[in-house]
Amino acid sequence: MVKNLSTTWAAALLLASGPTARAVIFWHTGDPAYNASTPGDNSGWHYQGAFYGFQGVPIAPLYFITAKHFGGSIGGIFYFHNDPYTTVAVYDSPTTDLRIWKVDKPFPTYAPLSSGIADIGATATIIGRGRQRGDEMIVSGQSKGWKWGVADNVQRWGRNVVVDELDDAFYGKLLYCDFDKPGIPNECHLSEFDSGGSMYVLEAGLWRLAGINLGVDGRFRMNAMDNPPYFATLFDIGGLQIEGPVNVFNNVNDTENDIPSSFYCSRISPSLSWIMDKAPGSNTLAMESFSAWQRLYFTPTEIAATATSNAAGDSDQDRIENLLEFALNLDPTFREQVTMTPATGIRGLPVVRRENISGEDKLTIEFVRRSSASGSGLTYTPEFSSDLNAWSTAGTTSVTTINPRWERVKVIDTLTTNDTTHRCARLKVTLNE
Ligand SMILES: [Ca+2]
Ligand SMILES: [Ca+2]
Ligand SMILES: [Ca+2]
């Protein structure tokens, strides 16, 4: 593949068959345990399943998507939160590295797909199970990045900014990110065994699958004596040689500015019609009941141990019961008490404020709510009180649709600061499942 940067050079790739994407690697730390648990923001982590040491993502009741290039065969087991699904059929994209597998029983829920409108320039969440960071690479006294380290198959997440789409003659339309120094918080690169892992972008209030990890730039060498060539996680390839066609190496000038290496994901949006054809039910929002949601965060063993996973449970010990984690778009496996951002928030505890409304000071309560069409079985009841004893549901309610699953609700109290000296608001959530 050829990408035009400040210099033009050819890039080879592939994160599985030989060098295919494995674990996420970071600019700012080589700690192999870093970001090996949920980011807590529902940005895709819980949709990742395990398949042959790689990953895949459920996209419809009976289908998951992954990379083609690492292989697999019918009868292979896909593990979704330790729940085994047996593959019964496979469909290969004719123009990309995407591959869809059919399984023997339905997934409880599945990932929303990106339409493509928010991909370019997005701060994406990248998830994979690839290698650790290896030895530092020094060229002419300057640090350039790191060679690949050991493979540990640990699922990690990072972030990067999607630079652009690239049309590759062999792999079709790709999204790519540059590994910048220092980049954004959690700036990451990919390596061998990250293949089949995923890129998610935030679109219309939901993190959606935008790409499947494919490959990286490389191989590299310092000069013809530097044998054999290798893959590396480089924030500056200046002064090195990069492989174009196999075994043909091109010099990259060492300029004043760093020339970052990149990683590539097979872009989902140009393949949507193929995906919907092969995976009926994909590109829709799954109906999400409490029991379906439980299986997105907990293993069958944890669900059997009901005190961990049931509505009253609080497995992450953040004092927010699972029912409220479900109702307010929180992560029941991530310990935090975050309040929703007024007017724009998509997750968090209700925000209660005193606001000046048309010249009078009143209490308001604002929260995210699962829509009645989303299958949640929840009822949300905001209430006001002057004495914590008598509670009233009276108020002026406005509802903003975020997406078909979520809406933002704001209720303005009927009383003003002239009517009462004390006023409180609360949100009651009940499950009618
Ligand atoms: Ca970057
Ligand atoms: Ca909790
Ligand atoms: Ca939590």
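Through how many residues does a hairpin join β5 to β6? The close-ups below start with that hairpin and then move along the predicted model.

**Figure 1. A hairpin links β5 and β6 in this predicted model.** The answer to the opening question is 2 residues, through which the hairpin joins β5 to β6. Strand β5 covers residues 54–60, and 3 bridges tie it to β6 in an antiparallel arrangement. Look for P58, which stands opposite F64 of β6.

**Figure 2. Strand β6 sits between its pairing with β5 and another with β9, and is largely enclosed.** Besides its 3 bridges to β5, β6 shares 5 bridges with strand β9 (residues 98–103), and that pair runs antiparallel too. A handy landmark here is Y63, standing opposite K102 in β9. Is β6, at residues 63–67, enclosed or open? Of its 5 residues, 5 are buried, so the strand is largely enclosed by the rest of the structure.

**Figure 3. Strands β18, β20 and β21 form an open sheet.** The 3 strands follow the order β18-β20-β21, and their pairing is antiparallel. At the edges are β18 (220–221) and β21 (249–251), each of which pairs on one side only. Zooming in on one pair, β18 meets strand β20 (residues 241–243) over 2 bridges in the antiparallel sense. There, F220 is found opposite I242 of β20. As a friendly reminder, strands of a sheet pair through backbone hydrogen bonds, in either a parallel or an antiparallel way.

**Figure 4. Helix α2 is largely enclosed by the rest of the structure.** Helix α2 spans residues 290–297, and 6 of its 8 residues are buried, which is why it counts as largely enclosed. To find the buried residues, pick out F290, W293, Q294, R295, L296 and Y297. What do these residues pack against? Their partners are three helices and a strand: α3 (300–304), α4 (306–309), α5 (322–327) and β28 (424–431).

**Figure 5. Strands β23 and β24 make a hairpin with 2 residues between them.** Strand β23 (residues 351–357) pairs with strand β24 (residues 360–370) over 7 bridges, in the antiparallel sense. I357 stands opposite E360 of β24. Which residue of this hairpin takes a positive phi? It is S358, with a value near 50°.

**Figure 6. The protein chain as a whole has 5 helices and 28 strands.** This view sets the close-ups in context. The C-alpha atoms fill a box of roughly 85 × 50 × 35 Å along the principal axes. For 433 residues, a compact globule would have a radius of gyration near 22 Å, and the 24 Å of this protein chain agrees with that. Of the 433 residues, 47% count as buried. Among contacts between residues at least 6 apart in sequence, 67% join residues at least 24 apart.

**Figure 7. Two stretches of the predicted model have a pLDDT below 50.** Across the protein chain the average pLDDT is 92, and 94% of the residues score at least 70. Over residues 1–13, however, pLDDT is below 50, and this stretch has 32 contacts in the model beyond near neighbours in sequence. Residues 16–23 also stay under 50, and the model gives them 58 contacts beyond four places in sequence. Please keep in mind that where pLDDT is low, the predicted coordinates should not be read in detail.

How values were computed: Residues are numbered from 1 along each chain as its sequence is written. Chains are lettered from A and ligands numbered from 1 in the order in which they are written. This is a predicted model: local features need pLDDT of at least 70, side-chain atom pairs count only at pLDDT 80 or more; totals for chains, interfaces and linings use all residues. Two strands pair if DSSP finds at least two bridges between them. Helices (H or I, at least four residues) and strands (E, at least two) are DSSP runs, numbered from the N terminus. pLDDT is the predictor's confidence in each residue, from 0 to 100. Two residues are in contact if their C-beta atoms, placed from the backbone, lie within 7 Å. A residue is buried if 20 or more other C-beta atoms lie within 10 Å of its own, exposed if 12 or fewer, and partly exposed in between; C-beta atoms are placed from the backbone. The radius of gyration is taken over C-alpha atoms; the globule rule is 2.2 Å times the number of residues to the power 0.38.
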